[in-house]
Amino acid sequence: MTQRYDVAVVGAGPAGLAAACSAYENGAEKVIVIDRDREAGGILNQCIHSGFGLHYFKEELTGPEYAGRFEEMLRKTGSRLMLDTMVLKVTQNREIHMMSPKEGYSVISAGAVVLAMGCRERTRGAVGIPGARPAGVFTAGAAQRYVNIEGYMVGRRVVILGSGDIGLIMARRMTLEGAKVLACVEIMPHSNGLARNIVQCLEDYGIPLYLSHTVTEIRGKNRVEAVKVQRVDESLKPVPGTEMIFDCDTVLLSVGLIPENELTRDAGIKIDPRTKGPYVYENMETTVPGVFACGNVVHVHDLVDFVTAESKKAGEAAAKYANNSALNAFNSDLKAIINGENVAYTVPQSIRTENTDKFAEVFFRVKRVFGDSVIELKDGEKPLKAYKRQHMAPGEMEHIIIPKDMLLSAAGSLTISVKEEEKQ
Amino acid sequence: MKKLELERNKAPENENRAVKELICIMCPKGCRLKVEEGGGYAVTGNACPKGAEYGRKEVTNPTRVLTSTVKITGAIHSCCPVKTDRDIPKQLVLKAMDVLSGVVLKAPVRRGEVVVSNILGTGANLIATRDMEAAE
Ligand SMILES: Cc1cc2nc3c(=O)[nH]c(=O)nc-3n(C[C@H](O)[C@H](O)[C@H](O)COP(=O)(O)OP(=O)(O)OC[C@H]3O[C@@H](n4cnc5c(N)ncnc54)[C@H](O)[C@@H]3O)c2cc1C
Ligand code: SF4
C-alpha cells in the first residue's frame, strides 16, 4: 500500500526545510521531506562563510548554522526526514516515486507536493570556452564542496572566470588555504557579486578583478597549464591585441546557476523560459493543482532569507490545499504579469486576485544597472503605481508589493517596467 | 543593495582631503561610506549605525570574522566548519589559519562548541558551526 502524507516536500535545502515547517504550522499533520543527499541543508552545507540570515534571524550566520537551525525546527515538528533518497518522478495526481539504498523503490502519495530541488551550476560546456580539455577546470561550487566538505585542495594557482558571489567567495577560500588566486575575470562591465564580497574576498587579498574580460583559451595537456584572457568590446567580442597569459593549474567557473527542473518537466508542469523554473501563481502553486515550488528551483536567489520567505508561503499554501481549505480559484480573475521594458522576469508570473490576502508580492530582476529609477506598474496602458529606487542591478532581486484593491480595480493584465528617473 | 561598477576603478580624487571612501561589508546592502581620517573619524553614507562603526574600525583597526574548516575524525566528512565568534584583527587572519591547520577534532561535535579558545590572544573563540555526529 502506498503511504499517504498531507504534504510531501522534495529537497531538504533551506527551501524544503522552511516549506515543511510552515506546512506543519499551517495544519498539515503528516509531512515528509525527501533528499538524495546524506544530510539536510542542501547547498548551505558547503557555504561555510557568513552572510546568511540577516533578515530572517537578524544576525549573520554561516550556511551550516542557518541550515542547522531549520533542521532543528523541522525535527521539533515530528515530520519525517528521508535522506539518501532520490526522487525519480512526481505525478500529476501527486504520487512520488523514489529510490533509496535502504528501502529500494517506493511510492508515496500526498495531499500536496512542494518541489524544492534547488539548482545546479552551469558548466564549461554551457559557456563554450575554446581550447584543450585538461584536468583542473572546476565549477566554483564543485570546488567549494571539495575544499569545504571533503577537505582537499583543488589547485595552487587559480584563475576564476565569472564574478558571481560563489566565485568571489571561492577566491578568498582558496587564498586562505594557501593557493594563489591570480585573477577574477568577468565578461560584463559590472560584477554580479555583492559589493561586500568584492571588498572582503578580492580587495582584502589583493586579487585583481578584470571587468569586460574573458578567458578565450585554456592551455595544457593533462592538467591546466595556462589560460589566455582578453578584453571584450561592447558586443562581448574579444579584442585582438589585448591578450594576457596567466600560468595557472586551475580554472574555477562561476558562470551562473540553472534551476534543476527535470522532475518538474516530467510532471508536465509549465516552465517559464525566462526563469527556467516552473511558472507559478501568487502562492507558489505551479500549473498543476496541488503542486507547489519554491527556492532556487523556481528562480535563482541571491539571499537565502528570500528563499525562506518564499518557501514559507509555498508550505502554507500546500497545507491549505491538502486540507481542502484552499480557495481553489484556479482560473478565476487571473492577472498575468507582463515583463515591460528592462524587466527580465517576474515571480509569480501571474496572480489570482481572489487568492491574495491583503496584497501580492512580485519579485523580479532588471536587465541592466540602474541609478535613480522608477518601477512602473500599469494596467494595460493605465499607470497604477510607481515605486522609486536609488539603485538596481541584475544581480539583485527586486520586489514590489501590489495592494489587493489595486489588483481588483485592474481590468487587464499588469505590466511592470523600469526606467531611469526623469530629472526635473 | 549597491554593487560595484566601473567607477571604482577611478583614481581617488580626494587623497589630500584625507577622506577615505569605503564600502561597508556589514550587510548585503553595501553602502558607500566616507570616513574622515584623523579627529573623530566622522562617517557619512551609512544607512545604519553598524556602518559608522565599520567605517571607523576599517581606517583604524580593520577586523574580520574568519570562517574556515578544521579536520575532524570519526564523522561522515573529514572537515568541520568553524568561525571566530567575533571579529579579529585583519592582519591576524592568515596567522589564525596556521593555528587552524594544526587542529584535529573528534566527532561528535556540537554547533557552537569552542574549538580553540581565545585564538592568538584576540579574545575571540573559534567555534564549530555545525553538528557533526559520530559516523556509524
Ligand atoms: C555557493 C553559494 C553561495 C551562496 N552564498 C550566499 C550568501 O552568502 N548569503 C545568502 O543569503 N545566500 C547565499 N547563497 C544563496 C542560497 O544559499 C541559496 O539560494 C539557497 O541555498 C537555495 O536553497 P534551495 O533549498 O532552493 O536549494 P538547495 O540548497 O540547492 O537544496 C536543494 C536540495 O534538493 C535536493 N534534491 C534535488 N533534486 C532531488 C531529487 N531528485 N531527489 C531528492 N532530492 C533532490 C538536493 O540534494 C538539495 O539538498 C549562496 C548559494 C550558493 C550556491
Ligand atoms: S551601513 Fe548598515 S545598511 Fe549600509 S551596508 Fe553597512 S550594515 Fe548595511
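This report describes a predicted model, covering a helix pair in chain A, the fold of chain B, a ligand shell and several backbone features.

## Helix α4 and its partner in chain A

Helix α4(A) spans residues 140-150 and helix α5(A) spans residues 165-176. Their axes come within 9 Å and cross at roughly 35°, and the crossing of α4(A) past α5(A) is left-handed. On the α4(A) side the contact is formed by A140(A), G141(A), A143(A), Q144(A), V147(A) and N148(A). On the α5(A) side the partners are I166(A), G167(A), I169(A), M170(A), R173(A) and M174(A). Sorted by class, this contact contains seven nonpolar, four polar and one charged residues.

The buried residues of α4(A) are A140(A), G141(A), A143(A), Q144(A), V147(A), N148(A) and I149(A). Their cover includes elements from both chains. From chain A come β9 (119-121), β10 (137-139), α5 and β17 (250-253). From chain B come β5 (67-73) and β6 (79-84). After α4(A) the chain continues with G151(A), which has a positive phi near 75°.

Two residues of this helix may be followed individually. Q144(A) lies in helix α4 of chain A. Why does Q144(A) count as buried? Its relative accessible area is 4%, and the class requires a value under 20%. With neighbours within four places in sequence set aside, Q144(A) is in contact with Q46(A), C47(A), H49(A), I149(A), I166(A), I169(A) and M170(A). Of these partners, I166(A), I169(A) and M170(A) are among the α5(A) residues that meet α4(A).

G141(A) also belongs to helix α4 of chain A. With a relative accessible area of 9%, G141(A) is buried. Apart from neighbours within four places in sequence, G141(A) is in contact with Q46(A), E121(A) and I166(A). The C-alpha atoms of G141(A) and I43(A) are separated by 8.8 Å, although the two residues stand 98 residues apart along the chain. Q46(A) and I166(A) thus appear in the contacts of Q144(A) and in those of G141(A).

## Overall organisation of chain B

Chain B has 136 residues, and buried residues make up 43% of them. Its secondary structure consists of two helices and 10 strands. Along the sequence these elements follow the order β-β-β-α-β-β-β-β-α-β-β-β. Of the contacts in chain B between residues at least 6 apart in sequence, 48% join residues at least 24 apart. The exposed area of chain B is about 7100 Å², of which carbon and sulfur atoms supply 51%.

One pair of residues separated in sequence involves N61(B), which is located in the loop between α1 (49-60) and β4 (63-64) of chain B. N61(B) and Q91(B) are 30 residues apart in sequence, and their C-alpha atoms are 9.4 Å apart in space.

## The shell around ligand 2

Which residues surround ligand 2? They are C24(B), M26(B), C27(B), K29(B), G30(B), C31(B), N46(B), A47(B), C48(B), K50(B) and G51(B). By class, this shell divides into six nonpolar, three polar and two charged residues. Four cysteines, C24(B), C27(B), C31(B) and C48(B), are included in the shell.

## Backbone features in loops

Each chain provides a cis peptide bond for discussion. In chain A, a cis bond joins V347(A) and P348(A), with omega about 0°; P348(A) lies in the loop between β23 (343-347) and β24 (350-352). In chain B, the bond from A107(B) to P108(B) is cis, with omega near 0°. P108(B) occupies the loop between β8 (104-106) and β9 (114-116) of chain B.

The loop between β9 and β10 (126-128) of chain B contains N118(B), and L120(B) is placed in the loop between β9 and β10 as well. Phi is positive in N118(B), a residue other than glycine, at near 45°. L120(B), likewise not a glycine, has a positive phi of about 50°.

The relative accessible areas of these two loop residues and of N61(B) are set out below.

| Residue | Relative accessible area | Class |
|---|---|---|
| N118(B) | 40% | partly exposed |
| L120(B) | 37% | partly exposed |
| N61(B) | 37% | partly exposed |

Technical notes: Residues numbered from 1 in each chain as written. Chains lettered and ligands numbered in written order. Predicted model: local features only at pLDDT ≥ 70, side-chain atom pairs only at ≥ 80, totals over all residues. Heavy atoms only, no water. Axes fitted to C-alpha atoms, helices over the stretch in contact; angles between N-to-C directions. Helix = DSSP H or I, 4+ residues; strand = E, 2+ residues; numbered from the N terminus. Left-handed = near helix turned anticlockwise from the far one by under 90°. Contact = heavy atoms within 4.5 Å. Nonpolar A, V, L, I, M, F, W, Y, C, P; charged D, E, K, R; others polar. Buried < 20%, exposed > 50% of the residue type's maximum accessible area, 1.4 Å probe, protein only. Areas by Shrake-Rupley, 256 points an atom, 1.4 Å probe, with all protein chains shown as cover. Near = heavy atom within 4 Å.
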